[in-house]
Amino acid sequence: MTTLRPGFALPPRLQVIDAATMAAYAGATWDWFSIHLDAEAARRAGFLDAIVDGQMLGAILAAHAQDGAGPGVRVTAMTFRNTSAVYRGEMIRVTGSCTQVASGRATIEQDVHVIDPVTQRRVRAAVQGALTTIETAPAVTAPRGEP
Amino acid sequence: MHLEPQELAACIGLVSTYTAPEPIGEASFRYFAQAVGDRNPVYLDHAAATAAGHATVIAPPTLVCETNQLTDRRPDANGYVGHRWPIIPADATWIRGGNDYRFGRPVQPHDRITVEWQLVRAENRTTRDGRDVVMLVSEGTYTDQRGDLLAWNRETLFLADPPEA
């Protein structure tokens, strides 16, 4: 496991959220809300194109935090605010750094920006100042439920 | 969008509860992980999960808060199958404000999940660019068939008038 310490910068994560990804996410979450899949429906709602479900960015933040912290960690809490839409086909960059480590837990502060895929310059912020808490020494999970 | 203060006040405390018709299942873990591009092996591989201290594969952490699998509802005219508070006008534009999550023990394939949603805040607001919106804050508590806590989710949504045609 990566040795987390305040100031440690997690490797950035680049991801393009294309139509296939959005369709897969819709199926995986049983959410076929038309503004996430259909450009015309999204425009009628006031958007420029089909928009990425804002909660999907939460899942990506969790993946970024766990990947950056190394194997064996677990996300225990998250707070994120969606500041602008991400449109189908756009590239995002997730960045973050560790801000606190105490009592077996670490806090990661993260941002998500839409970036130009060629220049990789920031276009706009999609999430700013997200906080993800990870447990660096998770307890053993006992088996539950019917086998 | 602007709703009457009495109407907003009257809906504070509304509760809706959904129990999934079946256990959440391993396939849902793999589907979600594939969709978001999360390759953590503890969601997919039993050997990796047990090596990490789990009894079995576990769910990607945010899946339980994101999935509508639990509701067993039919899609509406917009393809939406999740929970909708009665106060929300049918033609409102929904804008996600954000979420706060707290996770209990990891979700496992045999968990049959119940979510109880409560509407905790409903207010008329004006955005920085002068747009009138309604802010709704809801809290969802997710438990397994034994009542063990799996997750808690505070969700902020903003409702706006649809753009003029």
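Here a colleague asks a modeller how the terms used for this two-chain model are justified.

Colleague: What makes this a model to read with cut-offs in mind?

Modeller: This is a predicted model, in which local features need pLDDT of at least 70, side-chain atom pairs count only at pLDDT 80 or more, and totals for chains, interfaces and linings use all residues. Residues are numbered from 1 along each chain as its sequence is written, chains are lettered from A and ligands numbered from 1 in the order in which they are written, and side-chain values use heavy atoms, with hydrogens and water left out.

Colleague: How confident is the predictor in chain B, and where is confidence lowest and highest?

Modeller: pLDDT is the predictor's confidence in each residue, from 0 to 100. Chain B has a mean of 93, and 99% of its residues reach 70 or more. Within chain B, helix H1 (residues 5–11) is lowest at a mean of 91, while H2(B) is highest at 97. For the complex, the predictor gives an ipTM of 0.94 and a pTM of 0.94.

Colleague: What are the elements of the two chains?

Modeller: Helices (H or I, at least four residues) and strands (E, at least two) are DSSP runs, numbered from the N terminus. On that rule chain A has 3 helices and 5 strands, in the order β-α-α-α-β-β-β-β. Chain B comes to 4 helices and 5 strands, running α-β-α-α-α-β-β-β-β. The C-alpha atoms of chain A fill a box of roughly 50 × 45 × 20 Å along the principal axes; for chain B the span is about 55 × 30 × 30 Å.

Colleague: How do you know that S1 and S3 of chain A pair?

Modeller: Two strands pair if DSSP finds at least two bridges between them. S1(A) (residues 9–16) and S3(A) (residues 91–102) have 6 bridges, in the antiparallel sense, so the rule is met. Leu14(A), for instance, stands opposite Arg93(A). S3(A) is also joined by 11 bridges to S4(A) (residues 105–115), again antiparallel, with Gly96(A) opposite Gln110(A). The hairpin of S3(A) and S4(A) has 2 residues between the strands, and Ser103(A) takes a positive phi near 55° there.

Colleague: Which strands pair across the two chains?

Modeller: Strand S2 of chain A (residues 74–81) and S2(B) pair in the antiparallel sense over 5 bridges. One of the bridge partners in S2(B) is Arg102(B), which faces Ala77(A).

Colleague: How many residues are in contact between the chains, and how much area do they bury?

Modeller: Contact means heavy atoms within 4.5 Å, and 45 residues of chain B are in contact with 46 residues of chain A. Buried area is the accessible area (1.4 Å probe) that two parts lose on being put together, summed over both. Here that is about 4,000 Å², 51% of it on carbon and sulfur atoms. On the chain B side, Val36(B), Glu66(B) and Arg96(B) lose the most, together 13% of what that side buries.

Colleague: Why is the meeting of Arg96(B) and Asp53(A) called a salt bridge?

Modeller: The term asks for a side-chain nitrogen of Lys or Arg within 4 Å of a carboxyl oxygen of Asp or Glu. Arg96(B) and Asp53(A) meet at 3.9 Å, N to O, so the pair qualifies. Asp53(A) sits in the loop between helix H2 (39–44) and helix H3 (54–69) of chain A, and Arg96(B) in strand S2 of chain B. The count between the chains is 2 salt bridges, and the structure holds 15 over all chains.

Colleague: What makes the link between Asp49(A) and Arg88(A) a polar contact?

Modeller: A polar contact is a pair of N or O atoms within 3.5 Å; within protein, one must be able to donate a hydrogen and the other to accept it, and residues adjacent in sequence count only if both atoms are side-chain atoms. The side chains of Asp49(A) and Arg88(A) are at 2.9 Å, so the distance fits the rule. Asp49(A) lies in the loop between H2 and H3 of chain A, and also touches Ala39(A), Ala42(A) and Tyr87(A).

Colleague: How many residue pairs are in polar contact across the interface?

Modeller: The rule finds 22, with both residues at pLDDT 80 or more. On the side of chain B that touches chain A, the largest share, 10 residues, comes from S2(B).

Notes: Lists of a residue's contacts leave out its neighbours within four places in sequence.
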